[in-house]
Amino acid sequence: MRALEQGEMDANDPALFEHLDACLGCRGCEPACPSGVGYGRGLEEAREQLFRARGLPVSARLVLGVFRYRAAWMSLFAAARLLRATGLPRLLAGRSRVRFGMGMLASSGESTEKTERTERTVKAEGVSPLSSPSSSTSPTVALFRGCVMSALFGHVHDATRRTLEVNGYRVIEVRGQTCCGALHEHAGHGKGARALAAANVEALADRADFIVVNSAGCGALLKDYGHLLGTESAARLGGKVRDISELLAERGPRTGGPLELDVVYDAPCHLQHAQKVHEAPLALLGAIPGLRLRMLPGSDRCCGSAGIYAVLRPAMARAVLDQKIEGLASATPRPDFLVTGNPGCLMQIGAGLRAARLPIDVAHPVELLDHSYREAGYYGEKVRGER
C-alpha cells in the first residue's frame, strides 16, 4: 500500500490488486500488530486509489448506486420486506447463490420464537416503560436509522428505543438521515462515502447528547467521520456516537426478566477491532437472568459478510463462513441463539445456518434484552398466558 501511494507500484499490477481486493477488511490484524499499524485506514485509502485507476465491477457499481440514493434503497427494501412476509425466503433458503440470498433475507426478520412471544404481548412503539427513571434532564439520544437497519431491521430499532428508555435515556428521532457510507468507503468509493457522511452530519449535528447506533459497521464509520470529512462538525459528531451496548452498559443495564436460553455471542469485526468495544455487549447480555452465554472458538473471526464482499467474492465469503458454521454445528449443547450486533453478520450467519439445516436462530443482543424487559413487565402489564 505504501508502494502504491508513493508510485513505486502501479494500480494495475495484478498481484497488488488481488491482495488488496481479496482482503475482507475485517481489521483483525490491527490488534495482533505489535506496532499498532492502522491497517484499516491504509486499506481504504489504497482501495480509493485503485477505484480511481480501475473503476469498480458492474455488480459493485450497481449495489453502491442503489445505496447512494435513499429513494432507491427504500423502494428495493420495501419489495424485499413484502417478499419476506410471504415466508418464501424461509422455505427456499439453501446453499446455491440464489437460495443463500433467500436465507439472508429470511434471517433479517424476527425469529419464530420471538415473533410468537411478541404477538402475545401488548406491543406499542415509543411508549414510556413502567418505572423508567428518565426525565427531562436525562441524556438525549438520537437514533441513527441507516439504510439496511431501517428497512429490514425495524424491530431492532424498536428494541433499541425501548431498552434505552428503560435505562433512563430520552430517545429522539431525527429526519434527513441516510446511508452511513460504509459500503462505499470499504469499496474505495470515497466520493460517495463523503457525500453520504456530509448529509448525516448536517442532519444530526448538535441534535442530542449521543448518537446511538445498533450496526457495528455504521458505528465504526460514524465515529470516524472527523477523519473522513476533515471538519470540526464531523469530528464533534463522531465523538458523540455510541454503540447501543455502550450506552446500556454505562447505565447498568437494568436487570430484566428470566430467559432460559443457550446463547453464543459472535463479535462483529467492526465493533471489536475498529471500535474496540469488547465488554459492553457481554454486560448487556449479562442483565438477562437465566441466559446461558458462551463464546465459541472463532467467535472473534470474520463471518465473511464484510459489506458487499459477499456479493463480489461469494466463494471466498462462503469459505470464511463455513468455518464458523462448523463450529456452531459441533457446539454442545447446541445454542438456541447466536447473537451479534451487525446486520450483515446476522444475515450472513443466519443464511449459513439455514443452508446447513441447523435449528439455531440469530438475533441482535438488544432484541434479547428487549424480550427480557417484556418478561419483567417494564412495558406494561403482560398479556395473560404469555410465556
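**Exercise 1.** In the open sheet of four strands with the order 2-1-3-4, determine which strands stand at the edges.

*Solution.* In this predicted model, an open sheet of four strands has the order 2-1-3-4, and its pairing is parallel. Strand 2 (170-172) and strand 4 (241-243) each have a single partner strand, so one side of each is left without a neighbour in the sheet. These two strands therefore stand at the edges. From one strand to the next, the twist averages 40 degrees.

**Exercise 2.** Find how many bridges join strand 3 to strand 4, and state the bridge partner of isoleucine 211.

*Solution.* Strand 3 (residues 210-213) and strand 4 run parallel and are joined by three bridges. Isoleucine 211 has valine 241 in strand 4 as its bridge partner. Two helices can then be placed on the sheet. Helix 11 (residues 154-166) touches strand 1 (140-143), strand 2 and strand 3, and its direction makes about 150 degrees with that of strand 2. Helix 14 (residues 216-223) touches strand 3 and strand 4, and makes about 155 degrees with the direction of strand 4.

**Exercise 3.** Describe the open sheet with the order 6-5-7-8.

*Solution.* This sheet has four strands with parallel pairing. Its edge strands, strand 6 (292-294) and strand 8 (361-363), pair on one side only. Neighbouring strands are turned by 30 degrees against each other on average, direction ignored. Strand 5 (residues 262-265) pairs with strand 7 (residues 337-339) over three bridges, and tyrosine 265 stands opposite valine 339 in strand 7. Helix 22 lies across strand 7 and strand 8, at about 175 degrees to strand 8.

**Exercise 4.** Classify the angle between helix 8 and helix 22, and list the residues in contact.

*Solution.* The axes of helix 8 (residues 97-106) and helix 22 (residues 343-355) are 7 Å apart and make an angle of about 120 degrees. Roughly perpendicular covers 65 to 115 degrees, and roughly antiparallel begins over 145. The two helices are therefore oblique to each other. Their crossing is right-handed. Helix 8 contributes Phe100, Gly103, Met104, Leu105 and Ala106 to the contact, and helix 22 contributes Met347, Gln348, Ala351, Gly352 and Arg354. Of these residues, six are nonpolar, three polar and one charged.

**Exercise 5.** Explain why the pair of phenylalanine 67 and phenylalanine 77 ties together parts that are apart in sequence.

*Solution.* The structure holds two aromatic pairs. One of them, phenylalanine 67 with phenylalanine 77, has its centres 5.8 Å apart and 55 degrees between the planes, which makes the pair tilted. Phenylalanine 67 lies in helix 5 (residues 58-68) and phenylalanine 77 in helix 6 (residues 70-85), so the parts tied together are 10 residues apart in sequence.

Note on methods: Residues are numbered from 1 along each chain as its sequence is written. This is a predicted model: local features need pLDDT of at least 70, side-chain atom pairs count only at pLDDT 80 or more; totals for chains, interfaces and linings use all residues. Side-chain values use heavy atoms; hydrogens and water are left out. Axes are lines fitted to C-alpha atoms, for helices over the stretch in contact, and angles run from 0 to 180 degrees between N-to-C directions. Angles under 35 degrees count as roughly parallel, over 145 as roughly antiparallel, 65 to 115 as roughly perpendicular and the rest as oblique. A crossing is left-handed if the near helix is turned anticlockwise from the far one by less than a right angle, and right-handed if clockwise. Contact means heavy atoms within 4.5 Å. Ala, Val, Leu, Ile, Met, Phe, Trp, Tyr, Cys and Pro count as nonpolar, Asp, Glu, Lys and Arg as charged, and the others, Gly among them, as polar. Two strands pair if DSSP finds at least two bridges between them. Rings of Phe, Tyr and Trp (its six-membered ring) pair if their centres lie within 6.5 Å; planes under 30 degrees apart count as stacked, over 60 as edge-to-face and the rest as tilted.
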